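Let's take a walk through this fold together, strand by strand and contact by contact. Have the coordinates open in your viewer as you read.

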Amino acid sequence: MLTNKETVGRVLFTEEMIRQRAHELGEQISRDYAGEPLVLLCTLKGSVVWMGDLMKEITIDTEIDFISASSYGSSTSSSGVVKISKDVKMDLFQKNVLIVEDIVDTGNTLAFMRDYLKERNPKSVKICTMLDKPSRRTADVVPDYIGFTVDDLFIIGYGLDFDQKYRNLPYVSYLDH
Ligand code: IMP
Ligand code: MG
């Protein structure tokens, strides 16, 4: 259980490390989707910082949009009940959708979102996540592009929050308590 005595742990990934990784993945994505219609779909709110880094490294034409899905339950673990709280505006028909995610934990949110988006008949749906926490996976979700893999810690910073706090930390850390 987390208490209000939580403190920020050590730095896991600096801004420089993350931007370097965004550069590498941006090159790869630009190659993989060359000549194809691409939509970068940023999941709010946690992915905005990573999205900003990644989109600047993509050298092919791309559109962007935003989606927000929330899962009910406690603030530190997802319950599996997901609801779309801000929907995509853009027409996704025949487009390649790349979901830009902050972290894949249980995978429940993305499993739901992926099925939800497929109803719009896109050409493809793939996932690019800044962080992957595979030890906690319960849903059948394998990210296509992964920035870094993390241990089973509660991650904060660089967009990720605990109770809406710490999103503005310019590095990735974890809650130490
Ligand atoms: P999932 O459905 O369990 O994969 O996680 C859903 C969302 O919960 C992620 O996209 C994050 O926005 C958030 N989340 C999961 N793990 C963490 C964490 O360690 N720190 C902060 N947010 C997290
Ligand atoms: Mg997220």
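Strands E2 and E5 run parallel and are joined by 5 bridges. In this predicted model, one place to see the pairing is Leu38, which stands opposite Asn96 in E5. On its other pairing, E2 meets E3, again in the parallel sense and over 5 bridges; here Thr43 has Ile67 of E3 as its bridge partner. As a reminder, strands of a sheet pair through backbone hydrogen bonds, either parallel or antiparallel.

How many residues of E2 are buried? The count is 6 of the 6, so the strand is largely enclosed by the rest of the structure. In a regular strand the side chains alternate between the two faces of the sheet. You can follow that along E2: Leu38, Leu40 and Cys42 point one way, while Val39, Leu41 and Thr43 point the other way, and all are buried.

Now zoom out to the whole sheet. It is an open sheet of 6 strands in the order E4-E3-E2-E5-E6-E7, and its pairing is mixed. Its edge strands are E4 (82-86) and E7 (145-149), each of which pairs on one side only. From one strand to the next, the twist averages 30 degrees. Toward the E7 edge, strand E6 (residues 124-132) pairs with E7 in the parallel sense over 4 bridges, and Thr129 has Ile146 in E7 as its bridge partner. Helix H1 (residues 15-32) packs on this sheet and touches E2 (38-43), E5 (96-104), E6 and E7. The direction of H1 makes about 160 degrees with that of E7.

Helix H3 also packs against strands of this sheet. Its buried residues are Asn108, Thr109, Leu110, Ala111, Met113, Arg114 and Leu117, and they pack against E2, E3 (63-71), E4, E5 and E6.

The loop between H3 and E6 is worth a stop, and Pro122 has its place there. Is Pro122 buried or exposed? With a relative accessibility of 15%, Pro122 counts as buried, because the cut-off for that label is under 20%. Pro122 and Phe93 are 29 residues apart in sequence, yet their C-alpha atoms are 4.6 Å apart in space. Leaving aside residues up to four places away in sequence, Pro122 touches Leu92, Gln94, Lys95, Val97 and Leu117. One of these contacts, Leu117, is also among the buried residues of H3.

Next come the aromatic rings. Searching the whole structure turns up 3 aromatic pairs. One of them joins Phe112 and Tyr116: the ring centres are 6.3 Å apart and the planes make 15 degrees, so the pair is stacked. Why are Phe112 and Tyr116 separated by about one helical turn? Because they lie 4 residues apart in helix H3 (residues 108-118). More broadly, an α-helix has 3.6 residues a turn, so residues three or four places apart point the same way. Phe112 is partly exposed, with a relative accessible area of 33%. Another pair, Phe154 and Phe162, is edge-to-face, at 5.9 Å centre to centre and with 80 degrees between the planes. Phe162 counts as buried, at 10% relative accessibility.

There is also an open sheet of 3 strands, in the order E1-E9-E8 and with antiparallel pairing. E1 (7-8) and E8 (155-156) are the edge strands, each pairing on one side only. E8 and strand E9 (residues 173-176) run antiparallel and are joined by 2 bridges; Ile155 stands opposite Tyr174 in E9.

What about the cysteines? A search of the whole structure finds 0 disulfides. The sulfur of Cys42 has its closest cysteine sulfur in Cys128, at 11 Å, which is too far for a bond; the limit used is 2.5 Å. Cys42 is buried, with a relative accessible area of 0%, and Cys128 likewise counts as buried at 0%.

Finally, look at the metal. Which residues coordinate the magnesium ion (ligand 2)? They are Glu101, through OE, and Asp102, through OD, at 2.3 to 2.5 Å. Glu101 is buried, and so is Asp102. Since water is not among the atoms, sites may look incomplete.

Terms used:
Residues numbered from 1 in each chain as written. Chains lettered and ligands numbered in written order. Predicted model: local features only at pLDDT ≥ 70, side-chain atom pairs only at ≥ 80, totals over all residues. Heavy atoms only, no water. Phe/Tyr/Trp six-rings, centres within 6.5 Å; stacked < 30°, edge-to-face > 60°. Buried < 20%, exposed > 50% of the residue type's maximum accessible area, 1.4 Å probe, protein only. Pairing = 2+ DSSP bridges. Donors = N, O, S within 2.8 Å, 3.2 Å for Na, K, Ca; no water. Axes fitted to C-alpha atoms, helices over the stretch in contact; angles between N-to-C directions. Contact = heavy atoms within 4.5 Å.
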